[in-house]
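Welcome! Here are some short exercises, each with a worked solution, for getting to know a new structure. Take your time and look along as you go.

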Amino acid sequence: ARQWCSRCRGPRYCGKDHQTLHWKAGHKAECRPSAAPSTDGTPKLPSPDAQWSRQMAADAGKALLLPEMELLIETECELEMDDAERDGDGDGSDSDGDEEQQLKDYEAFVRSHGGTTGALDGEVSATELAAAAAGSDGIVDDCFRAFKKRMAIAPEQVLRHNRDGDPLWLTTEHQVTDGDVPDCSCGAKRSFEFQILPQLLSHLHLDTLAGPSVDWATLAVYTCSNSCSTGNAYKPEFLWKQDF
């Protein structure tokens, strides 16, 4: 960080925007003028007030910083092979059984017993069971089932890259439709390149903040299909935010 507060000369910043955020977050009330240099030119120790101000500014600045982590890149086929080796069956299948098949077996069990379980308060009927497994529109959300199955291969993943492929949606709602993604400024179509998964919210501790916070189901990024270049300048691309 090459910039710092010119008044207290305490906290350092990577840029003006960061300093503005910190000022609004509490540094304005805590900032104290730094001690004046001594007449003989030797450095002068900061006053207790200045020391307190710098510590408070540093503590406030921590709230604006996100933790840094390393991203490990692995292909999905490599992860599937590792998963198969752990299961010991060589085909990557789930040794605990398929969740969807278990639900179907339970529904069949309920129907074979006259439509009720007889074990739950109020006796749940087969119709009620099917409705509970469906969304608000009465249709089981296969997107979320597929998402859970893919995430089970590597639960800690936070980013998926699939150039010219399709995003892994969490729900059938709020998906990209024809005409939602604008063309690139060069005139070429934009295509899907990568997505940011909701697991990142937990790793960045953004899912524990009190009050309104950042949230998404997935963030899908679409880039120029021709990979056009503007030299060293940043190239604007398109992001689609799917909500829960």
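**Exercise 1. Find out how confident the predictor is in this chain, and where its confidence stays under 50.**

Step 1: The chain averages a pLDDT of 74, and 59% of the residues score at least 70; pLDDT is the predictor's confidence in each residue, from 0 to 100. This is a predicted model, in which local features need pLDDT of at least 70 and side-chain atom pairs count only at pLDDT 80 or more, while totals for chains, interfaces and linings use all residues. Residues are numbered from 1 along each chain as its sequence is written, and side-chain values use heavy atoms, leaving out hydrogens and water.

Step 2: Look at residues 117-124, where pLDDT stays under 50. The model gives this stretch ten contacts beyond four places in sequence, a contact being heavy atoms within 4.5 Å. Where pLDDT is low, the predicted coordinates should not be read in detail.

**Exercise 2. Work out the order of helices and strands, then follow strand S5.**

Step 1: The chain has seven helices and six strands. These are DSSP runs (helices: H or I, at least four residues; strands: E, at least two), numbered from the N terminus. In sequence order they read β-β-α-α-α-α-α-α-β-β-α-β-β.

Step 2: Strand S4 (residues 190-196) runs antiparallel to S5, with six bridges joining them; strands pair if DSSP finds at least two bridges between them. Ile 196 has Leu 219 of S5 as its bridge partner.

Step 3: S5 also pairs with strand S6 (residues 238-242), again antiparallel, over five bridges. Here Ala 220 is matched with Trp 240.

Step 4: Seven of the seven residues of S5 (residues 218-224) are buried, so S5 is largely enclosed by the rest of the structure. Buried means under 20% relative accessible area, exposed over 50%, and partly exposed in between (1.4 Å probe, protein chains only).

**Exercise 3. Which residues form the largest nonpolar core?**

Step 1: A nonpolar core is a set of buried Ala, Val, Leu, Ile, Met, Phe, Trp, Tyr and Cys residues joined through side-chain atoms within 4.5 Å.

Step 2: The largest has eight residues: Val 158, Ile 196, Leu 200, Leu 201, Leu 204, Leu 206, Trp 216 and Leu 219.

Step 3: A second, separate core of seven residues includes Trp 169, Val 181, Phe 238 and Trp 240.

**Exercise 4. How many disulfides does the structure hold?**

Step 1: A disulfide is a pair of cysteine sulfur atoms within 2.5 Å, and the structure holds zero.

Step 2: For Cys 5, the nearest cysteine sulfur belongs to Cys 31, 3.7 Å away.
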